[in-house]
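Hi there,

Here is the structure I promised to pass along. Have a look at it first, and then read on for what turned up.

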Amino acid sequence: MHTTTRDELLQACDALLQPARFKDYGPNGLQVEGKAPIRRLVSGVTASRALIEAAIAEEADAIFVHHGLFWRGQSGTVTGWMKQRLALLLVHDINLLAYHLPLDAHPELGNNAQLGRVLELPLESTRFGEQDLGFVGQGAFADAQALARHVERRLGRGVTLVDPGHGRPLRRIAWCTGGAQSYFEAAIAAGADAFITGEISEPQAHLARECGVAFLACGHHATERYGAPAVAAHVAAQLGIAHRFIEIENPA
């Protein structure tokens with residue numbers, strides 16, 4: 001099995017995702033330093049204890065995730081769940097790499113681009129919202145109910161639909177994965193007929209009805225399952241190391 005180094009892995013990820021371009025909620029890149037030689041890379045959505053334990057069972061040298069361990073506003077103490085996760089990483093000398101907004105934004109391999117692929121929505125060049133994280137694609141749906149059924153089939157789970165009730169065809173579909181409900185107004189301004197994201201808050205239901213734009217909340221985890229394995233597989237192939245995506249069940 002081919003071996004690369006921690007520095008080469010980090011350089012490849014940084015070159016692809018360009019984290020310096022983004023103002024983010026936590027550190028992007030290497031969050032926990034482990035061993036220098038890298039043979040096996042595991043990817044997942046969130047650096048949970050379950051993912052770390054699964055990576056240990058896979059004899060992984062590095063873990064690549066979208067949601068890392070450190071976020072702005074944390075207490076900064078290493079106790080409880082944080083201590084447990086860090087202890088596993090440190091005892092087993094496993095590197096943790098995390099990329100948040102840079103992983104959402106990549107035009108081909110990121111969460112938003114990959115969600116568009118899964119939903120079979122050909123991408124437009126239009127981008128919207130803070131740091132241009134929102135994507136727009138072309139669709140052909142009879143109404144909001146038809147779009148919701150399509151999304152449920154492709155994601156394999158139910159969605160929360162706020163249907164404005166006009167019953168007209170939907171052609172321009174906007175989306176931004178995860179907790180991007182605050183991007184809804186920007187999607188409306190971009191001319192969307194419908195907006196897809198992971199979560200919904202109270203104001204979005206009213207905006208959907210008043211502005212005539214359908215809103216679909218499809219799950220934070222459910223919409224962000226695709227970017228991490230796509231990027232990790234690409235980088236692993238580039239460096240000649242083994243890679244496996246591990247799905248940790250999450251109802252969110």
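To start with the charged side chains: how many salt bridges does the structure hold? There are seven of them. Keep in mind throughout that this is a predicted model. As background, side chains of opposite charge can pair when their charged atoms come close.

Here are some of these pairs. R6 and E33 make a salt bridge, with 4.0 Å between the closest N and O atoms. R6 belongs to helix α1 and E33 to the loop between β2 and β3 (37-38), so this pair ties together parts that are 27 residues apart in sequence. E33 is exposed, at a relative accessible area of 52%, whereas R6 counts as buried, at 17% relative accessibility.

Another salt bridge runs from R40 to E59, and its closest N and O atoms are 3.7 Å apart. R40 is in strand β4 and E59 is in the loop between α2 (49-57) and β5, so to speak distant parts of the chain, 19 residues apart. R40 counts as partly exposed, with 23% relative accessibility.

Towards the end of the chain numbering you can look up R225 and E247, whose side chains meet in a salt bridge at 2.8 Å, N to O. R225 sits in the loop between α9 (220-223) and α10, and E247 in the segment after β13, which makes this a link between distant parts of the chain, 22 residues apart. Both ends are partly exposed: R225 has a relative accessible area of 23%, and E247 has one of 32%.

Now for the sheet. Five strands form an open sheet with mixed pairing, in the order β2-β6-β5-β4-β13. The edges are taken by β2 (29-32) and β13 (242-245), each with a single partner strand, so one side of each has no neighbour in the sheet. On average, neighbouring strands here are turned by 30 degrees against each other, direction ignored. If you zoom in on β4 (residues 40-46) and β13, you will find that they run parallel and are joined by four bridges. S43 is opposite F245 of β13.

Two helices are worth a look alongside the sheet. Helix α10 (residues 227-239) packs on the sheet and touches β4, β5 and β13, with its direction at about 175 degrees to that of β13. Helix α1 (residues 6-17) lies across β2, β4, β5 and β6, and runs at about 5 degrees to β6.

One residue of helix α1 to click on is C13. Is C13 buried or exposed? Its relative accessibility is 1%, so C13 counts as buried. Leaving aside residues up to four places away in sequence, C13 touches Q18, F64, L97, Y99 and V235. For a sense of scale, C13 and A140 are 35 Å apart in space, C-alpha to C-alpha, and 127 residues apart in sequence.

Two of those contacts of C13, F64 and Y99, lead on to the aromatic rings. How many aromatic pairs does a search of the whole structure find? The search gives six. In one of them, the ring centres of F64 and Y99 are 5.6 Å apart and the planes are at 20 degrees, so the pair is stacked. F64 lies in strand β5 (residues 62-67) and Y99 in the loop between β6 (95-98) and α4 (101-105), with their positions 35 residues apart in the chain. Both F64 and Y99 are buried. Elsewhere on the aromatic list, F128, F184, F195 and F215 form one cluster.

Over to you!

Key:
Residues numbered from 1 in each chain as written. Predicted model: local features only at pLDDT ≥ 70, side-chain atom pairs only at ≥ 80, totals over all residues. Heavy atoms only, no water. Phe/Tyr/Trp six-rings, centres within 6.5 Å; stacked < 30°, edge-to-face > 60°. Buried < 20%, exposed > 50% of the residue type's maximum accessible area, 1.4 Å probe, protein only. Pairing = 2+ DSSP bridges. Axes fitted to C-alpha atoms, helices over the stretch in contact; angles between N-to-C directions. Contact = heavy atoms within 4.5 Å.
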